[in-house]
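Trainee: Could you walk me through this model, one feature at a time? I would like the general idea and then the case at hand.

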Amino acid sequence: MLQKNVLEYLEGAAARFPNKTAFADEREAFSFSDLLSSALSLGTALAALNIRPNAPVVVLVDHSAANLVSFQGVLAAGNYYVPLDAQMPLPRLKGILDTLSPAALIYTEKTAAAAEAVRHYCPILLDRTAFHQLAYPNRLLQRRTKVLDIDPVYAIFTSGSTGAPKGIVISHRSVIDFIEWMAPACGFSERDILGNQAPFYFDLSVKDIYLTLKCAATTHIIPKKAFLFPTLLIDFLEEKEVTALVWATSAFHLVANSGVLEQKAPSHLRTAILGGEALQAKQLNRWRRALPGVKYINLYGPTEVTVDCTWYPIERAFPDTERIPIGRPCANKEVFLLDEDLQPVLPGQPGEICVRGIGLARGYFGDWDKTRAAFIQDPRNPNYPDLIYRTGDLAMQDENGLFFFLSRQDGQIKHMGYRIELGEIETALNSLAELQQVACLFDEERDRIHCAYTGSADSQAVAKAARELLPKYMLPNLYHQLETMPMNPNGKIDRPRLRKELLHGAD
């Protein structure tokens, strides 16, 4: 029978393992049967508002297991969820709500203040109250019959290049297609215990959520404070017997840089899946020395292609200075490179990563101009509608078919007459043992490359080491030693903020 709704994952898991823990945080745990019954109750509460099916419902998230119940409750009502960080600045939250015009908003006790500040936008529901309402499954089933697999399951708002949030709308079919590939490809089963790191407003968390529901696995939400004290983090992973990590690369790097792996390592870990930023060999090697039996997988993909579009199981040694591939396309996705004239590039030549397949987002919520600019007709096919997504990322493909990420398109610069990938400079400098994080920026007006880094080496030592690693034309002009690297809410280096801080003070 054709699966057309991700809620069927939860229904199947609840039938197979009703009493097994699905999601747990520090305060509480939900079994699969608890999760389903609470979701049906919340869905009934939403249906009672007489909102139309396939309307957006905001969930103000605080990284709790209850948030995941709310997601499923929204789906049970025949609607789609929009996770928003309750701690974002109020003007930004209001701006998103102005764009979205949500049918309802669900909040927790911890996010009540933010909900009260925006209650004039739509009806608001406290999750705890709704979880215990009497459920009417037949009414919900009638609403679900109106939801097709091409309809939205969620919309995630991310910052665009201008800083204005973009609401990326993803369908049920896209998530099902991805999870049906990922679970067997990466070897997940009901025996797995995942340690969730990604916030629920970040699409990386989609893998934790739906791998858990499809496979009837268990996910423990890692307390945020654990990443401030890596020894506590390892203790948590050990206590919960975590077998799989699906983490942002920055978190993976943070643990490697902390030195904790030389003291203790999570003994139950079987799989580590990374994504979100370029994986550096130096940090990977620290994990591999501590846990040589773990399966490490590098994934790449923007939110617009449903989490990921390429993958690379790491099966050989990489010296610290070598760039790690982002691999080959995930099943049922075509990944290819085009030049500035939208023509295919030759192997070994840089090009923009473009993606085709059912995983493409429906578009940007309420923004037709951005949608038409990013989701375009495949220039290779003049015969019928066939959309591709232009990622804005640059890569090259070697003779073996492996893709290597280079940089954002704006990360390719023209300096001293040479075309340079800033990502290549970052990879080289990241190999230095004394450095933890590296980010390079280009000041086009002054024709200067800035290198910001965290680590123990002073700028003169870094400059000297760079001369041994890079050709002269690629050497940064200025080095900035930082106590901490600015990070955005998604766990990536906040490059716009870094640019503002560094270039504003440049001579």
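Mentor: Asn 50 sits in the loop between helix 2 (32–47) and strand 3 (56–61); helices (H or I, at least four residues) and strands (E, at least two) are DSSP runs, numbered from the N terminus. This is a predicted model, where local features need pLDDT of at least 70, side-chain atom pairs count only at pLDDT 80 or more, and totals for chains, interfaces and linings use all residues. Residues are numbered from 1 along each chain as its sequence is written, and side-chain values use heavy atoms, with hydrogens and water left out.

Trainee: What is the phi of Asn 50, and is Asn 50 exposed or buried?

Mentor: Most residues other than glycine have a negative phi. Asn 50 has a positive phi, near 60 degrees. With 63% relative accessibility, Asn 50 counts as exposed; the classes are buried under 20% relative accessible area, exposed over 50%, and partly exposed in between (1.4 Å probe, protein chains only).

Trainee: Which loop holds Leu 342, another residue with a positive phi?

Mentor: Leu 342 lies in the loop between strand 16 (333–338) and strand 17 (351–357), and its phi is about 60 degrees. Leu 342 is partly exposed, at 22% relative accessible area.

Trainee: Now the sheets. In what order do the strands of the open sheet run?

Mentor: Two strands pair if DSSP finds at least two bridges between them. Here an open sheet of 9 strands follows the order 2-1-10-9-11-12-13-14-15, with mixed pairing. Its edge strands, strand 2 (29–31) and strand 15 (328–329), each pair on one side only. Helix 9 (residues 205–215) packs on this sheet, and its direction makes about 155 degrees with that of strand 1 (21–24). Axes are lines fitted to C-alpha atoms, for helices over the stretch in contact, and angles run from 0 to 180 degrees between N-to-C directions. Contact means heavy atoms within 4.5 Å, and helix 9 touches strand 1, strand 9 (193–196), strand 10, strand 11 (244–248) and strand 13.

Trainee: How many residues of helix 9 are buried?

Mentor: In helix 9, 10 of its 11 residues are buried, among them Ile 209, Tyr 210 and Leu 211. Ala 216 follows the helix and has a positive phi, near 60 degrees.

Trainee: How do I read one pair of strands, say strand 13 and strand 14?

Mentor: Look at direction and partners. Strand 13 (residues 295–300) and strand 14 (residues 310–313) run antiparallel, joined by 4 bridges; Asn 298 has Tyr 312 in strand 14 as its bridge partner.

Trainee: And which way does strand 5 pair with strand 3?

Mentor: Strand 5 runs parallel to strand 3, with 3 bridges, and Val 59 has Ile 106 as its bridge partner in strand 5. Strand 5 also pairs with strand 6 (residues 124–126) in the parallel sense over 3 bridges, where Leu 105 stands opposite Ile 124. Strand 5 (residues 104–107) is covered on both faces: Ala 104 and Ile 106 are buried on one side, Leu 105 and Tyr 107 on the other.

Trainee: What about helix 11: is it enclosed or open?

Mentor: Helix 11 (residues 249–258) has 8 of its 10 residues buried, so it is largely enclosed by the rest of the structure. Its buried residues pack against several elements, including helix 10, helix 12 (281–290) and strand 24 (435–443). Gly 259 comes after helix 11, with a positive phi near 85 degrees.

Trainee: How many salt bridges does the structure hold?

Mentor: There are 20 salt bridges, each a side-chain nitrogen of Lys or Arg within 4 Å of a carboxyl oxygen of Asp or Glu. Glu 26 and Lys 225 form one of them, with the closest N and O atoms 3.6 Å apart. That pair links distant parts of the chain, 199 residues apart. Glu 26 is exposed, at 57% relative accessible area, while Lys 225 is partly exposed, at 48%.

Trainee: And where is there a salt bridge within a helix?

Mentor: An α-helix has 3.6 residues a turn, so residues three or four places apart point the same way. Glu 501 and Arg 497 are 4 residues apart in helix 16 (residues 495–504), about one helical turn, and their closest N and O atoms are 3.1 Å apart.
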